[in-house]
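Visitor: Could you take me through this structure, one topic at a time?
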Amino acid sequence: MDANIGVLALQGNVSEHIDAFLLALERTRHGSASEVFEVRSPADLADCTVLAIPGGESTTISRLIDKNGLYEPIRQFRGGIFATCAGMVLMATEVADPRIHPLGLMDMTVDRNAFGRQKESFEADLPIASLEGGPFHAIFIRAPVVTRAGSRVTTLARLEQGIVAVEQGKNIALSFHPELGDDTRFHEMFLKKNGI
Amino acid sequence: MKLEELRFGTELLKRGFASMQKGGVIMDVVNAEQAKIAEEAGAVAVMSLERVPSDIRKAGGVARMADPEKVTEIIEAVSIPVMGKVRIGHFVEAQVLEVLGVDMIDESEVLTPADEQYHIDKKQFKVPFVCGARNLGEALRRVNEGAAMIRTKGEAGTGNVVEAVRHMRTIMGEIRMLRGLDKQEMADYAREIEAPAELVIECAERGRLPVVNFSAGGIATPSDAALMMQLGADGVFVGSGIFKSNNPELMAKGIVEAVNHFDDPQVIAKVSTGLGDAMPGLDVHKLREDEVLQTRGR
């Protein structure tokens, strides 16, 4: 299916997600007439089949979602959402931090900066059962973790500190950054899940 | 997963961290209270300092890394990343800031240089670095030393955007010019600007620097910030511009929104309304030679 893939472009790793989706489309040879574009306003969102919420600073993105009148439109959005790092924080029902206004779209509690500061950021080869082709090389940057996953949330990967990859319905949320590097398997998984 | 299977402090993690700051505003703060105001306004990170650049100018003397107590106070006050400045070449100040837990180190010409020959060997650190540059040669020499982010220098503490514009136009123009050169000409150009040829070629292929490029040094209003974004900056540093203005909270919020909507003059008009006075500005042409900061660290 051809689709309109929106990447929330308020702050953060926007262009990398756009490039990763373009590469994923090229590799799967599906939806070759699909478009990938930036979403800054409710009008942009109305054109989207699916949405990605990229990594960045979650407090900043949360504030700009409210400021740009995107909070309710994203909550009402019918398509799947692919959320990475800061995106994962925003998708939660609960975040133990008053500075975040979470969207509450996935039944989970998320802890920000769960591994510590930048010097504790790390790369690791993560075994993921539902992904073919071996472990996924994951980049964790001041990453969050899921500390509680509700009954409708499926865990895809976990580390000692908590759950780092989840799905619920058409949504996927990851603690790490699949858009850094050229392994597009998670982007492909998300597109497939949404019939693209 | 065992700890030994995890890799820390890699080039990808450093550049990845820098990339997360894109489209954001990094604000200079000198205490916990200012840090909280910056965070509340939507800053992506704060730069912890002893004094903002305009006060460094007034104070004169040797400007050094901030007191660790101050850096720790700021780290504890906010959840966004905290950066800190060290003197050019002062790798021990950098070791101290790394131990304190700052998320990025600015090897900055705003402080008094500790080494007039060498910059810090930034590849020896787990924490990422940002460095200033006025042109493509300076930028690529810093990237070659391990900088994960470049910021155009501008002229800090002046509230005058003219040098920031000059440096951003210079770098963007040099990269555009590269696209018309063949490989041999690029290698020749690399020698001329004293930069590694492979980094020059990478810039030509990507049409941009190998790392994110922010703007700094003289941004004092929402319009200044949007100007730098339209000229090609990935984000902005605002030093004295916020806490030396009449209403720091409004100025901070206005600049964040102007960066977010940098191509929408209607929004910039709205957020520029009723801000009160911006910081007092200086004419950069009237600075004495020893007052010019941008020439430090080539």
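Guide: The conversation below covers strands, the interface, salt bridges, aromatic rings and one histidine.

Visitor: What should I know before we start?

Guide: This is a predicted model, in which local features need pLDDT of at least 70 and side-chain atom pairs count only at pLDDT 80 or more, while totals for chains, interfaces and linings use all residues. Residues are numbered from 1 along each chain as its sequence is written, chains are lettered from A and ligands numbered from 1 in the order in which they are written, and side-chain values use heavy atoms, with hydrogens and water left out.

Visitor: Let us begin with strand 3 of chain B. Which residues are on its two faces, and are they buried or exposed?

Guide: Strand 3 of chain B spans residues 45–48, with Ala45(B) and Met47(B) on one side and Val46(B) and Ser48(B) on the other, and all of them are buried. Buried means under 20% relative accessible area, exposed over 50% and partly exposed in between, with a 1.4 Å probe and protein chains only. Strands (E, at least two residues) and helices (H or I, at least four) are DSSP runs numbered from the N terminus.

Visitor: And how many bridges join strand 2 of chain B to strand 3 of chain B?

Guide: There are 4 bridges between strand 2 (residues 25–29) of chain B and strand 3 of chain B, and the two run parallel; strands pair if DSSP finds at least two bridges between them. Ile26(B) has Ala45(B) as its bridge partner in strand 3 of chain B. From strand 2 of chain B the chain passes through helix 2 (residues 32–41) of chain B to strand 3 of chain B, in a right-handed β-α-β crossover. Right-handed here means that, with the strands pointing away from the viewer, the path from the first strand over the helix to the second runs clockwise.

Visitor: What about strand 4 of chain B?

Guide: Strand 4 (residues 82–87) of chain B pairs with strand 3 of chain B in the parallel sense over 3 bridges. Within strand 4 of chain B, Gly84(B) stands opposite Ser48(B).

Visitor: Changing topic: how many residues of chain B are in contact with chain A?

Guide: In chain B, 43 residues are in contact with 42 residues of chain A, contact meaning heavy atoms within 4.5 Å. The area buried between the two chains is about 3,200 Å², and carbon and sulfur atoms give 52% of it. That area is the accessible area (1.4 Å probe) that two parts lose on being put together, summed over both.

Visitor: How many salt bridges cross that interface?

Guide: The rule finds 6 salt bridges across the interface of chain B and chain A, and 35 over all chains. A salt bridge is a side-chain nitrogen of Lys or Arg within 4 Å of a carboxyl oxygen of Asp or Glu.

Visitor: Which residue forms a salt bridge with Glu39(B)?

Guide: Glu39(B) forms one with Arg99(A), the closest N and O atoms being 2.9 Å apart. Because Glu39(B) lies in helix 2 of chain B and Arg99(A) in the loop between strand 5 and strand 6 of chain A, the pair joins two chains. Glu39(B) is buried at 8% relative accessible area, whereas Arg99(A) is partly exposed at 36%.

Visitor: And within chain A, where is the partner of Asp97(A)?

Guide: Asp97(A) meets Arg112(A) in a salt bridge (2.7 Å, N to O). Asp97(A) is in the loop between strand 5 (92–95) and strand 6 (106–111) of chain A, and Arg112(A) is in the loop between strand 6 and strand 7 (122–126) of chain A, 15 residues apart. Both Asp97(A) and Arg112(A) are buried.

Visitor: Is Arg185(A) buried or exposed?

Guide: Arg185(A) counts as buried at 17% relative accessibility. Its side chain meets that of Asp183(A) in a salt bridge (2.8 Å, N to O). Elsewhere, salt bridges that share partners join Glu57(A), Asp97(A), Arg99(A), Arg112(A) and Glu39(B) into one network.

Visitor: On to aromatics: how many pairs are there?

Guide: Over all chains, 13 aromatic pairs are found. Rings of Phe, Tyr and Trp (its six-membered ring) pair if their centres lie within 6.5 Å; planes under 30 degrees apart count as stacked, over 60 as edge-to-face and the rest as tilted. Phe136(A) and Phe186(A) have ring centres 4.9 Å apart and planes at 75 degrees, so they are edge-to-face. Both Phe136(A) and Phe186(A) are buried.

Visitor: Lastly, where does His261(B) lie?

Guide: His261(B) lies in the loop between helix 12 (248–260) and helix 13 (265–272) of chain B. Leaving aside neighbours within four places in sequence, His261(B) is in contact with Asn68(A), Val267(B) and Ile268(B).
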